[in-house]
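I opened a fresh page for this structure and kept my notes short. Come along as I look things up one by one.

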Amino acid sequence: MTLKYPFVTEKAMVLLENQSKLQFLVTNEASKGSIKREIEKAFGQKVKCVRTMMNMHGQKKAIVSFENEKAAEEILSRLGIM
C-alpha cells in the first residue's frame with residue numbers, strides 16, 4: 001500500500017477548486033507509477049499526471065491530476081471529506 005491518506009489543507013483545497021488536483025501523503029519508497037496504479041485501482045478514475053515532493057518533515061507528498069475534471073471532487077466526497 002503506497003497511499004497513506006489524502007492531504008487536505010487550505011492550499012490543497014485551492015488546488016482542488018482551481019485545477020482539480022488532489023494531494024496524498026504516500027510512503028517514501030512509492031514511485032509515480034505505483035501511485036498512479038493504486039489511485040486508478042482504488043477510485044476507478046484515470047490519472048493524467050502525478051507529481052511528487054518531499055516536505056520538511058521527511059514525508060513524501062503526491063499531487064495527482066485526473067483526466068476527468070470532476071474526478072477529484074467525486075473522490076473526496078466518496079471519502080467523506082468534502
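**Entry 1: the core.** I looked up the largest nonpolar core and found 18 residues in it. L22, F24, I35, I39 and F66 have the most contacts inside this core. I noted early on that I am working with a predicted model. Next I asked which elements give two or more residues to the core. They are β2 (21–26), α2 (32–43), β3 (47–54), β4 (60–66) and α3 (71–79). The most comes from α3, which gives 4 residues. I added a general remark in the margin: in soluble globular proteins, nonpolar side chains tend to be buried together.

**Entry 2: one residue of the core.** I picked I39 and found its place in helix α2. Is I39 buried or exposed? I wrote down a relative accessible area of 0%, so I39 is buried. Then I listed what I39 touches, leaving out residues up to four places away in sequence. The list reads L3, F24, G44, V47, V64 and F66. I took one of these partners, V64, and looked up how far it is from I39. The two are 25 residues apart in sequence, and their C-alpha atoms are 9.0 Å apart in space.

**Entry 3: helix α3.** Since α3 gives the most to the core, I turned to this helix. I found A71, A72, I75 and L76 buried in α3. Why do I place them on the same side of α3? They cover an arc of only 130° around the axis, and therefore share that side. A general point helped me here: an α-helix has 3.6 residues a turn, so residues three or four places apart point the same way. I also checked what the buried residues of α3 pack against, and noted α1, β2, α2 and β4. Just after the helix I came to G80, which has a positive phi, near 80°.

**Entry 4: empty space.** My next search was for cavities. A general reminder first: rolling a probe the size of a water molecule over the atoms shows where empty space is left. With a threshold of 30 Å³ or more, I counted 1 cavity. The largest cavity holds about 70 Å³ of space. Which residues line the largest cavity? I wrote down P6, F7, V8, A12, M13, L16, L22, Q23, F24, I75, L76 and L79. The elements giving two or more residues to this lining are α1 (10–19), β2 and α3. I sorted the lining by class and got 11 nonpolar residues, 1 polar residue and no charged ones.

Methods. Residues numbered from 1 in each chain as written. Heavy atoms only, no water. Core = buried A, V, L, I, M, F, W, Y, C linked by side-chain atoms within 4.5 Å. Buried < 20%, exposed > 50% of the residue type's maximum accessible area, 1.4 Å probe, protein only. Contact = heavy atoms within 4.5 Å. 1 Å grid on protein atoms, 1.4 Å probe; cavity = no way out; pocket = protein on both sides within 12 Å on 5 of 7 lines; lining within 4 Å. Points joined across faces, edges and corners; volume = space filled by probe spheres on them. Nonpolar A, V, L, I, M, F, W, Y, C, P; charged D, E, K, R; others polar. Arc of directions from axis to C-beta.
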